[in-house]
Amino acid sequence: MRLALAEAERARALGEVPIGAVVMSPESILIGTGCNRPISGLDPTAHAEMEAMRAAAQSLRNYRLTGCTLYVTVEPCLMCVGAMVHARIGLVVYGATEPKSGALVSTIRAHEAPGLNHRLEVIGGVLEEDCRNVIQDFFKAKRL
C-alpha cells in the first residue's frame, strides 16, 4: 500500500485527485503502477486502478492478471471493479472507503453480482488513515 500511496502523490503533483494503485504478481513482484490521470490524460477511464492494470497487462503480455493483487488507496468505482473482474484479479486491497462511489462495500458489492464468471477477494482498511488523509487534505486545499 505504501507504493500505492506514492502513486497517489504522483497524481497530486499532476493536479489530479490523489489516488494511486499498484499490481503485484502472484510472486509478489511489482508489475504495474498507476495514478489518477483522467484530467491530464483527457481520458475518463484513466483511473489509478485502470492505469495499473494496463501496465501490468503490458508487463505480463497478457490481459488476464490471474492471481495478481491490486492495491489501491481508495475503494474502487464500478468501472474499475468491472475491469478487475474481467482481468481476473485475485485480490483487491484498498485503503479508505469511498462512500459516494465505492463499488466494493460502500454503494454496491459489484464483485458479488450474480452471473459473474470470476470472484474477487477483497481486503479493506489497509493504511486507512494514511489513505484517507491524502484524499481529504487534497480536497481541503481545493476549498481554500
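Arg2 is exposed in this predicted model, with a relative accessibility of 55%. Its side chain forms a salt bridge with Asp130, and the closest N and O atoms of the pair lie 3.2 Å apart. Arg2 belongs to helix H1 (residues 2-13) and Asp130 to helix H4 (residues 128-143), so the bridge ties together parts that are 128 residues apart in sequence. On the other side of this pair, Asp130 is partly exposed, at a relative accessible area of 31%.

Helix H4 also holds a salt bridge of its own, between Arg132 and Glu128, with 2.6 Å from N to O. These two residues are four apart in H4, which means that about one helical turn separates them. A general point about helices is helpful here: an α-helix has 3.6 residues a turn, so residues three or four places apart point the same way. Both partners are partly exposed, Arg132 with 30% relative accessibility and Glu128 with 27%.

Salt bridges with shared partners also join Arg37, Glu51 and Arg54 into one network. Within this group, the side chains of Glu51 and Arg37 meet at 3.0 Å, N to O. Glu51 sits in helix H2 (residues 48-60), while Arg37 lies in the loop between strand E2 (30-35) and H2; the two are 14 residues apart, and the pair links distant parts of the chain. The setting of the two residues is worth a look on the structure. Glu51 is buried, with a relative accessible area of 15%, because the cut-off for a buried residue is under 20%. Arg37, by contrast, is partly exposed, with a relative accessible area of 27%. Counted over the model, the salt bridges come to seven.

The charged side chains can also be viewed as two sets. The protein chain carries 15 positive and 15 negative side chains, and the centres of these sets lie 4 Å apart.

Turning to the fold, the protein chain contains four helices and five strands. Read from the N terminus, the elements follow the order α-β-β-α-β-α-β-β-α. Among contacts between residues at least 6 apart in sequence, 55% join residues at least 24 apart.

Helix H3 (residues 78-87) offers a good view of the packing. Its buried residues are Cys80, Val81, Ala83, Met84, Val85 and Ala87. These buried residues of H3 pack against helix H2, strand E3 (69-74) and strand E4 (91-96). H2 is also the helix that contains Glu51. Just after H3 comes Arg88, which has a positive phi, near 70°.

The overall dimensions complete the picture. For 144 residues, a compact globule would have a radius of gyration near 15 Å, and the 14 Å of the protein chain agrees with this. Along the principal axes, the C-alpha atoms fill a box of roughly 45 × 30 × 30 Å. Of the 144 residues, 45% count as buried. The protein chain exposes about 7,400 Å², and carbon and sulfur atoms supply 55% of that area.

Notes
Residues numbered from 1 in each chain as written. Predicted model: local features only at pLDDT ≥ 70, side-chain atom pairs only at ≥ 80, totals over all residues. Heavy atoms only, no water. Salt bridge = Lys/Arg side-chain N within 4 Å of Asp/Glu carboxyl O. Buried < 20%, exposed > 50% of the residue type's maximum accessible area, 1.4 Å probe, protein only. Rg over C-alpha atoms; globule rule 2.2 N^0.38 Å. Contact = heavy atoms within 4.5 Å. Areas by Shrake-Rupley, 256 points an atom, 1.4 Å probe, with all protein chains shown as cover. Lys, Arg positive; Asp, Glu negative; His and termini not counted. Charge placed at Lys NZ, Arg CZ, Asp CG, Glu CD.
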